[in-house]
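User: I am new to reading protein models and would like to go through this one slowly. Could we take it question by question?

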Amino acid sequence: MTLALILVSILVATTLGLVVRNRGRLPLLLGICTLAVYAFQPVLPVRSLDFWLPTGTLALATLAWVLTTPQEQRSWRVNWPAAVILIGIVLVLGLTRFLGFSVYLTASRPPQTLQILAALAVVTLIAFLLTRFTKPGRAILTGAFVLIILLFIILKVPTLATLVSMGLRRLNQQATSLALAQDLRWLGFSYIAFRLLHTIRDRQSGRLPVVSLSEYVVYVIFFPGLTAGPIDRIERFVGDLRRPLTLTTDDLGESGKRLVLGLFKKFVIADVLSMIALNATNALQVHLAGWAWVLLYAYAFQLYFDFSGYTDIAIGLGRLLGIKLPENFNAPYLKPNLTQFWNNWHMTLTQWFRAYFFNPVTRALRSGKKPLPIPVVIFITQLGTMVLIGLWHGVTVNFFVWGLWHGLGLFFHNRWSELTRPRFATLSPRWQKALNVGGILVTFNFVAIGWVFFALPNLSISVNYLRVLFGLA
Amino acid sequence: MHPRFLRNVIIKGLVLFFLIDLVCGGLDPAALGKVSLYNHIFSGRQRFPFGEDSSQSYNLSLFNLDAMFAAHIIAGGQKPVDEYRVILIGDSSTWGTLLRPKETLTGQMNAAGLTLCGKTLRVYNLGYPTISLTKDLMVLDYALRYQPDLVIWLTSLEAFPDENQLTSPIVANNAARVDDLISRYNLPLSPNDPALIRPGFWDSTLIGQRRALADLFRLQVYGVLWTATGIDQTYPADYQAAQTDFNKDVLYHGMHPPTLDASQLAFGVFEAGLRLAGETPVILVNEPMLVSVGENSDLRYNFLYPRWAYDQWRVMMSVRAAAGDWNYLDLWNVIPADQFTNSSIHLTPAGEALLAGRVEQAVLQQSCP
């Protein structure tokens, strides 16, 4: 996201928080979040796709709400304002194609109005049919779950994404030879998908609170966390949303602090580090181990400051709007072991995987007729969780290896700590401290080496870089 | 948190910001350029910082001569007693567009491992990719503090027209240095030329200097990748070869054939350079250029020069060289046409090797003190 967009977001959030307060807060927030979905979407080379993808986000959110809401709560009387706002904004944005100038709310000129009307009619019809004839049963929710996963796979597998891009280009009579996986850069879809999956799974398990269409859509596309999270839980989010907005000076002070900190982390520290951080080009140009480590450390810190900077900005913006978004980072590079690192790095993502993969799989493996031994369960679940987290970033060999690296690291740390805990507990405080410092160094370097697979595009470059790092090239 | 506290934080922050900004207005921001991590933490650069595609070339163009020299390897400490120091002054051809540092004229001369007067010959590339004698003079003026034993000044007609003297961004953005040169050497240039950029008070505040300061900072940061990779420009696999077909245009900087008007050429600046070098011997080189064989090549040698203008300038140079007893090498046509890259003065590594051979011969003929 650009600095200009972030500054506009701060201005909008401050105005909403200070001036508007509770008068029409939810519809206004819905309107602004809807506009943000379009405004934040980057330009795409496939014609009108940068309009259709945000529209797809809104359609997915709306249909997911219908599917996860008990039939008796899908009342038109309660939810029509939200539907009108959503449809109205899509239509108005679509009509801006007739203005002679760019309005900066859509990435490029919107498609033909007739096409927009047809798309809206189709989504409305599906929503109507689902509202009228379905209830959130197991089968339909599982279907929705699978559908989102499939969509996710299509976007994250480069070959599939390229094929889809070729198809879309063919439809638009554009050159198919230029199709690339990056043509389908769907802003925030990774996070949106997690929110949708969370609500679907919680509806299946009966834990999902009943929320209105406005509340649901605002939760899914809440603009401060649209591009880089954090992944909030709906019950907590809606709790904040329903509470009257009373911005205190504490809120303003905290928000200001997080915004300034976030902007500094992102646009000063991370952007400077990005100049020298490891990438596919310089990985092939460095031949000395010492400098290779410098580039790798620069990448490690750039990633942290960039990501945690965005989180600070999101939390600061959320605070202005009365939403206390969850923390995502807590000094992860200062943790003495890998388990603690993952409890403090992208916390909301790991919590999500813990809740919806690690715990259920562990339960399943432990509760069968012949429960597996604990080390085997830990091996399977940790490896599985980390490989899935890796693949969430993109279905490539490198992300798979990165996940494997961390899964194995977590497993070995688990076994090591089981073995050594009783012995280490008896050590003097000075030794404990030394162990702690040693643990921080080892953990940081383990994580940094893992970033080689994360930063570089393929295995051969990554392995070659590892050889340079260890003076073996 | 009390509202008054929040208000005070904002007010104090703003007051401090403006105070610091105003105080910085009184400082000389250019002097900051002397502070450099190069030659201390990072290797000194083999040639001046220059480049547009910073993320690929790990290099950038800036106008701070102090910073440019501080980043250069020539500023890396005292001159060793056993070093015969040679500096090369010139344009992009000397700087080495499309060439790796070891492929440039400087790199090839250093690789030759020559000795002179019992000392090891060490050549420093002080070329800069714009063509202007005033730029060369400015660089030479600064470079003399590094005690060269010999100056090799490569030039071409395009560096001579009056209208090219001050328009080069590095010259235009160093008005104070140009003023100084004008007054010291009575240069035929006007300090009131609108091409010279003269910063006002607000331009020298922190806000006004933000771009220059950012460039200084970025130059230091790119020191990491320069040291780690030895790369300081992009090397495209494909580039457009120098033009060899031309239309019938024979104008040269508004001058019509048959007579090249010497009064529109900055010989005064050139001669000031020779005076500036003082006791330090100078070898002047008319740098090689592409002699094209293509459409209308009977009218033009290349993209830069119509034949009539270039031929007359060569005669003028020869006459002045003889009259002034210059150590002058006219190497205009010593490189075959197939050894030029993307312009009529940029050479391939093999072309540079040929040139290096010729220049080395002249260097070795220098008498020892």
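User: Which residues of H9(A) are met by residues of H2(A)?
Analyst: This is a predicted model, in which local features need pLDDT of at least 70 and side-chain atom pairs count only at pLDDT 80 or more, while totals for chains, interfaces and linings use all residues. Residues are numbered from 1 along each chain as its sequence is written, with chains lettered from A and ligands numbered from 1 in the order in which they are written. Helices (H or I, at least four residues) and strands (E, at least two) are DSSP runs numbered from the N terminus, and two residues are in contact if their C-beta atoms, placed from the backbone, lie within 7 Å. From H2(A), the residues Leu26(A), Pro27(A), Leu29(A), Leu30(A), Cys33(A) and Val37(A) meet Ser214(A), Val217(A), Val218(A) and Ile221(A).

User: How many nonpolar residues does the contact of H2(A) with H9(A) have?
Analyst: Ala, Val, Leu, Ile, Met, Phe, Trp, Tyr, Cys and Pro count as nonpolar, Asp, Glu, Lys and Arg as charged, and the others, Gly among them, as polar. By these classes the contact of H2(A) with H9(A) has no charged residues, 1 polar residue and, as the number asked for, 9 nonpolar.

User: Are H2(A) and H9(A) oblique or parallel to each other?
Analyst: Axes are lines fitted to C-alpha atoms, for helices over the stretch in contact, and angles run from 0 to 180 degrees between N-to-C directions. The axes of H2 (residues 25-40) and H9 (residues 213-221) of chain A come within 9 Å and cross at roughly 40 degrees. Angles under 35 degrees count as roughly parallel, over 145 as roughly antiparallel, 65 to 115 as roughly perpendicular and the rest as oblique, and therefore H2(A) and H9(A) are oblique.

User: Which helix gives the most to the side of chain A that touches chain B?
Analyst: Between the chains, 15 residues of chain A are in contact with 14 residues of chain B. Helix H11 (249-274) and helix H12 (289-320) of chain A each supply at least two residues of that side of chain A. The most, 5 residues, comes from H11(A).

User: Which strands of chain B stand at the edges of the sheet?
Analyst: In chain B, 6 strands form an open sheet with mixed pairing, in the order S2-S3-S1-S4-S5-S6, where two strands pair if DSSP finds at least two bridges between them. Each edge strand has a single partner strand, so one side of each is left without a neighbour in the sheet, and these are S2 (115-116) and S6 (327-330).
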